[in-house]
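Q: Please take a close look at one salt bridge, beginning with the setting of its acidic partner. I would then like a connected account of the other parts that help to place it.

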Amino acid sequence: MSRIPHTARIAGRYAFRRRIYFRNISSKILSIALQTADPKVARRRAAFLSARFAIVKLSVDLMLKTNGVLTGDQIEAIFRQELEDELTQALHDAYENASWSSSIAECAVPLAEAYRIARRPDRPRQLTDEDRKELSARGLGRDLSQIDGYLRELCHEIADREVCLRLEAVGIEPTADLISTARAHILRARADAWKRATRMFDDDVMDAANPLQALTADLGTPTARVEALRYSARCPPVLQAGTPPLPPNVAHAVPSECHFMTYDDRRFGDVIDEVIAELKADGVWKGPTHQQRRIMETFAWITGNRPLGSYNHLDAPRFKQGIQKMPVTFRFGGLSEGAMSRPFEKVLSELPPLSPSDRRSNKTVNRDLSFMATVAKHLGKTAWKPKAAGAVIMDFGSVRVRIKTEDSTELRPPWTRAHMEILFASPLYLGGGGALHRLKTDGPLERVWHDSAFYAPLIWYYTSACREEICGLEVADIIANHRTPHIKIRDNLTRGRDGEKAGEKRIARRRDLPIHPELIRLGFLAYVEAIKKEGHVALFPELYPDGAEKRGGAFFYERAWRHMVDYIGERLPLPTNDRGKGPDIHSIRALGASFYEVDGVNDNIRADIMGHARQGTNGKHYSKRIQTEGADVVLAERLTFMLKYIPIVSEHISAAPIRLVPLEKRARVGSPFERKTRNDTGRARRRA
């Protein structure tokens with residue numbers, strides 16, 4: 001007599017006891033009901049006991065479902081679906097005619113052997129001595145290292161969540177035992193798929209109308225039940241009311257409906273690198289993508305990092321509402337570390353109530369939505385391609401926050417001319433101490449030093465350029481040997497990363513700005529030559545120390561600007577908006593734009609200097625003055641325009657020979673406040 005597996009004996013014995021149990025209950029209901037002579041009482045008792053019987057039966061059925069075993073049809077459905085998915089991908093890679101296509105067949109044998117070994121009950125993660133002997137005896141000695149590598153890494157990448165989805169799709173609620181069982185069937189299917197893949201370049205397969213069918217013809221046609229289960233596996237079912245809740249690790253995995261052409265089971269977090277690389281290759285994103293990555297990871301975190309095919313129109317507003325609940329000081333971390341490695345709802349429940357000053361600005365929220373709109377548009381060609389032509393499922397643009405133009409809380413206030421006059425009359429420009437004492441006049445020798453701290457604020461004032469445009473300039477961007485010396489605002493390596501040029505936010509930002517005569521008088525061109533002689537590429541090399549990830553403007557703020565603001569604020573109150581924010585470096589640009597807000601200003605020249613897109617049909621399509629008159633004429637006209645509208649506030653600064661402090665001390669202006677005497681120092685002096 002053959003030995004019956006332990007699980008089968010338990011299942012059979014439990015089913016037999018279930019039948020006897022229900023038969024006994026039915027008999028007991030009948031006997032209790034007949035114990036009274038009153039027919040009404042008997043019927044009432046029978047109805048009551050029948051209801052109790054239905055409840056017990058439902059509880060037992062649910063217990064059986066939870067603790068059951070996979071049926072043959074369910075096993076076959078999981079096996080066939082995984083086999084077809086793995087083999088389809090292998091055929092696609094092989095016939096893609098890419099650089100790796102010819103190697104697919106060579107990898108098939110090692111992969112098939114690795115999965116064959118991995119499907120064993122003990123789930124080995126490396127080859128044993130017996131395995132090596134057996135493989136060598138079969139002529140696979142040269143593939144041992146490759147098989148061992150696949151066995152250590154590739155064969156054990158099947159996550160519990162993926163297995164849970166397969167089980168749920170065929171009508172089984174996942175348990176630890178069933179997950180382990182289903183994983184074995186998935187490994188069996190992959191082993192068989194790669195065994196069949198060894199024939200993918202055979203003539204009979206290459207000549208077949210359907211190569212996949214040619215490779216799986218021996219399996220025969222599945223039964224109607226298996227085919228129905230496979231359809232469920234491909235299209236996860238709708239969750240009906242009253243359905244038992246899914247386990248926590250798959251609670252957000254099953255969509256109510258797939259709105260896309262195909263159901264892509266890759267999770268959003270798994271395609272972030274791929275999407276960033278593709279958008280950079282298309283030229284949509286340039287330079288560093290740390291911010292875009294963080295926003296995409298935040299979207300994955302807030303929405304449960306689900307399979308791509310499970311997303312729908314509700315996820316765009318869910319993302320917006322999620323980031324609006326995060327305080328401005330919140331540190332996100334990454335999907336594998338920090339706050340985002342924990343469930344969003346859990347982290348949110350631990351945060352204190354948001355105060356008005358802690359809320360993220362609507363401009364920041366709209367920025368995040370704009371980045372995600374770009375991602376959705378890109379994925380709309382593949383994984384998020386809608387079933388209905390022209391439909392937009394992931395519409396991030398529709399949930400953008402409307403910002404009222406009169407709402408002053410969204411913008412930092414601009415600097416005034418009086419504030420700039422105070423800065424340019426400071427010891428930093430008229431003569432002060434050395435490094436860390438340049439805003440003070442108490443040093444033994446008062447001198448002016450030339451670096452980013454000296455020139456950057458002057459350039460911002462006289463050109464109205466952006467913070468990073470000036471901090472990220474290169475020596476090659478300064479064109480001195482021209483009738484109108486000028487600065488080229490353009491992509492460069494200093495503002496880029498990994499050998500890639502970057503810097504321009506949009507094409508309108510690429511422009512030539514005349515160098516104001518005040519800058520030339522104060523030695524700017526001589527400073528450029530001095531930096532060139534030192535062998536630097538960056539115009540302000542102190543803002544780009546080796547190995548730094550920060551942008552140059554961030555270094556300038558930390559080293560110099562915050563102290564300059566303290567100096568100004570000590571002498572003239574700083575303007576603030578309704579949220580208590582004062583002006584920043586970018587507010588100098590707002591001041592410059594305000595100078596052009598007068599009657600008679602040419603809008604095209606103003607847009608070209610500010611780096612704004614031109615407006616109107618004439619400005620966008622017809623006015624081509626650089627092409628018709630030449631750059632020499634246009635640069636001279638721009639300089640005349642700037643001299644006409646920008647007030648000169650630096651005439652009191654005397655020109656001085658270029659003086660450079662050591663590189664590590666440049667831009668370190670120091671605090672304008674006197675340092676308080678330490679108590680212990682005072683006591684020590686008194687004792688002396």
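A: D131 counts as buried in this predicted model, because its relative accessibility is 8% and burial is set at under 20%. The partner of D131 is R120: the two side chains meet in a salt bridge with an N to O distance of 3.1 Å. This pair links distant parts of the chain, 11 residues apart, with R120 in the loop between α4 (104-118) and α5 (129-137) and D131 in helix α5 itself. R120 has a relative accessible area of 26% and is therefore partly exposed. The salt bridge thus brings together a partly exposed arginine and a buried aspartate.

The pair may be set beside other charged contacts. A search of the whole structure finds 35 salt bridges. Among them is a network that links E113, R116, E134 and R138. Another is the contact between R266 and E274, whose side chains meet at 3.1 Å, N to O. Here R266 is partly exposed, with a relative accessible area of 32%, and E274 is likewise partly exposed, at 36%. The side chains of R342 and E350 also form a salt bridge, with an N to O distance of 2.5 Å. R342 counts as partly exposed because its relative accessibility is 32%, and E350 falls in that class with a relative accessible area of 45%.

Some charged residues take part in a surface patch instead. K363, K505, R506 and R551 form a positive patch on the surface. Of this group, K505 lies in the loop between β4 (500-502) and β5 (511-514). Its relative accessibility is 65%, so K505 counts as exposed. A nonpolar patch of about 270 Å² is made on the surface by Y95, F201 and M206. Y95 belongs to helix α3, which covers residues 72-95. With a relative accessible area of 34%, Y95 is partly exposed.

The loop that holds K505 begins at β4 and ends at β5, and these two strands lead to the paired regions. Strands of a sheet pair through backbone hydrogen bonds, in either a parallel or an antiparallel sense. β3 and β4 pair in the antiparallel sense over two bridges, and N492 stands opposite A502 in β4. The two strands form a hairpin with two residues between them. D498, in the turn of this hairpin, has a positive phi of about 55 degrees. Strand β3 covers residues 492-497, and five of its six residues are buried, so β3 is largely enclosed by the rest of the structure.

β5, at the other end of the K505 loop, belongs to an open sheet of three strands in the order β1-β2-β5, with antiparallel pairing. β1 (478-479) and β5 stand at the edges of this sheet, each with a single partner strand, so one side of each is left without a neighbour in the sheet. β1 runs antiparallel to strand β2 (residues 486-489), and two bridges join them. Within this pairing, I479 stands opposite H486 in β2.

The positive phi of D498 leads to a further point of backbone geometry. Most residues other than glycine have a negative phi. L436 is not a glycine, yet its phi is positive, at about 75 degrees. L436 is placed in the loop between α18 (427-430) and α19 (452-463). Its relative accessible area of 49% makes L436 partly exposed. S464, also a residue other than glycine, has a positive phi near 60 degrees. S464 is found in the loop between α19 and α20 (467-471). Because its relative accessibility is 0%, S464 counts as buried. These two loop residues thus join a positive phi with contrasting surroundings: L436 is partly exposed, whereas S464 is buried.

To return to the contact under examination, R120 lies in the loop between α4 and α5 and is partly exposed. Its partner D131 lies in helix α5 and is buried.

Technical notes
Residues numbered from 1 in each chain as written. Predicted model: local features only at pLDDT ≥ 70, side-chain atom pairs only at ≥ 80, totals over all residues. Heavy atoms only, no water. Patch = residues over 30% accessible without salt bridge, like charges linked within 9 Å, V, L, I, M, F, W, Y side chains within 5 Å. Areas by Shrake-Rupley, 256 points an atom, 1.4 Å probe, with all protein chains shown as cover. Salt bridge = Lys/Arg side-chain N within 4 Å of Asp/Glu carboxyl O. Lys, Arg positive; Asp, Glu negative; His and termini not counted. Charge placed at Lys NZ, Arg CZ, Asp CG, Glu CD. Helix = DSSP H or I, 4+ residues; strand = E, 2+ residues; numbered from the N terminus. Buried < 20%, exposed > 50% of the residue type's maximum accessible area, 1.4 Å probe, protein only. Pairing = 2+ DSSP bridges.
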